[in-house]
Amino acid sequence: MLSADAVWGALRGEVCLAFGSNRTEIVDFPRFRHRGLLLDTSRHYLPLKAILQTLDVMAYNKFNVFHWHIVDDPSFPYESVTFPELSRKGAFNAITHVYTASDVKAVIEYARLRGIRVIAEFDTPGHTLSWGPGAPGLLTPCYSGKNLSGTYGPINPILNSTYEFVTRFFQEVSAVFPDFFLHLGGDEVDFTCWKSNPKIRAFMQEMGFGDDFTKLESFYIQRLLDIISSFGKGYVVWQEVFDNGVKVRPDTIVHVWKENATPYMQEMAQVTKAGYRALLSAPWYLNHISYGQDWMEAYQVEPLKFEGSPEQKDRVIGGEACMWGEYVDVTNLTPRLWPRAGAVAERLWSNATVRNLQDAYVRLASFRCELLRRGIQAQPLFTGYCDHEFSGF
């Protein structure tokens with residue numbers, strides 16, 4: 001017998017039954033409500049089939065948020081109805097390497113039926129080089145001395161046409177992706193091009209920004225956030241938006257990803273002390289690989305291990321494992337993700353006291369064998385074998 005307070009609990013319970021737990025009484029519930037996985041489909045295009053298979057395995061792991069980092073510098077695979085030239089000129093291939101409107105709907109519906117939300121990320125003003133060919137005038141022209149260099153930098157934040165463009169574009173995105181939240185990025189803005197441009201520098205002086213280009217970035221982000229709010233949407237932003245002091249809504253979610261400059265637990269303390277909800281990803285970049293059982297390091301992370309009040313700890317809504325795509329495409333996505341991502345899934349679902357590595361190894365190794373039986377080519381944790389390990393070959 002399976003009982004749950006909501007349909008989502010029933011879905012998670014069905015996963016337990018499917019994995020052979022039907023003879024045991026289980027009382028189970030998630031520790032964190034946001035348990036996400038990020039896929040990057042710009043640096044390498046991931047076929048629709050690979051995304052759908054990933055959603056299946058996410059459901060097996062009780063992940064409930066698919067963070068779709070859909071576009072970035074290398075390519076623009078999202079096929080926009082409002083601005084079709086973005087993918088025509090920005091995708092690796094405008095026919096074979098794009099996500100059509102029907103593809104996007106298929107992903108959203110496939111995820112919904114598995115209790116998974118889809119949060120799309122369209123990162124600006126940086127990480128936008130692929131936008132340029134399809135949107136002339138959007139990016140900042142760079143200078144070499146007094147002359148144009150022929151290269152481009154981040155979105156140009158001083159033009160009215162920029163905000164007319166982002167208003168129309170994000171109006172479409174807000175309608176296409178039904179989740180309340182959009183991820184708006186805001187990370188890693190390279191100021192070199194802005195500094196080289198005399199019109200940008202003149203605008204900086206006119207606005208009283210001096211030479212502080214974080215203020216110019218904040219000027220753009222602030223206007224973008226106001227636009228998104230006008231569509232009735234909430235937003236998630238990378239931590240730089242918070243670090244730079246942008247005025248954001250109280251319901252903003254700050255996504256912590258940096259490991260170095262400020263220790264990530266210190267960042268979590270600062271974000272939550274300021275009253276914002278926080279997501280943690282810094283220790284869970286699964287595209288980083290090393291020899292040995294690196295899942296153990298991910299498993300041992302404690303998201304609330306920072307100095308702060310109980311109210312601050314309550315503002316940590318969960319975290320996300322991230323699979324960035326510089327060296328990942330459809331050939332190695334699945335084995336690199338699974339079962340390693342399962343360590344993050346368990347940390348976000350299970351009680352903080354569930355920490356025994358030996359017990360976790362047994363569970364993950366068994367889970368890996370079950371994935372192989374289902375045709376999912378998950379990589380091994382260590383030495384050993386599975387009864388079904390060669391069935392997919």
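**Notebook: annotated site, an exposed strand residue, and the cores**

I began with the record, where an unreviewed UniProt entry carries the annotation "active site" for Glu188. I note here that the model I am reading is a predicted one.

I then looked up where Glu188 sits, and found it in the loop that runs between β6 (181-183) and α6 (192-196). Is Glu188 buried or exposed? Neither word fits, because its relative accessible area is 45% and the partly exposed class lies between under 20% for buried and over 50% for exposed. Leaving aside residues up to four places away in sequence, I listed His127, Glu240 and Trp257 as the residues that Glu188 touches.

Next I turned to Gly150, which I located in strand β5, residues 147-155. Gly150 counts as exposed, because its relative accessibility is 61% and the exposed class begins over 50%. From Gly150 to Arg114 I noted a separation of 36 residues in sequence and a C-alpha to C-alpha distance of 47 Å.

Last, I went through the nonpolar cores. The largest of them holds 96 residues, and Phe122, Phe169, Phe177 and Trp338 are those with the most contacts inside it. Helix α8 (residues 213-230) supplies the largest share of this core, with nine residues. I followed Phe177 further and, again not counting residues up to four places away in sequence, recorded that it touches Trp68, Tyr78, Val104, Ile108, Val118, Ala120, Phe122, Leu182 and Lys233. Apart from the largest core I found another, of seven residues, including Val65, Phe181, Val236 and Ile317.

How values were computed:
Residues numbered from 1 in each chain as written. Predicted model: local features only at pLDDT ≥ 70, side-chain atom pairs only at ≥ 80, totals over all residues. Heavy atoms only, no water. UniProt positions renumbered as here; feature names shortened; annotations may be inferred. Helix = DSSP H or I, 4+ residues; strand = E, 2+ residues; numbered from the N terminus. Buried < 20%, exposed > 50% of the residue type's maximum accessible area, 1.4 Å probe, protein only. Contact = heavy atoms within 4.5 Å. Core = buried A, V, L, I, M, F, W, Y, C linked by side-chain atoms within 4.5 Å.
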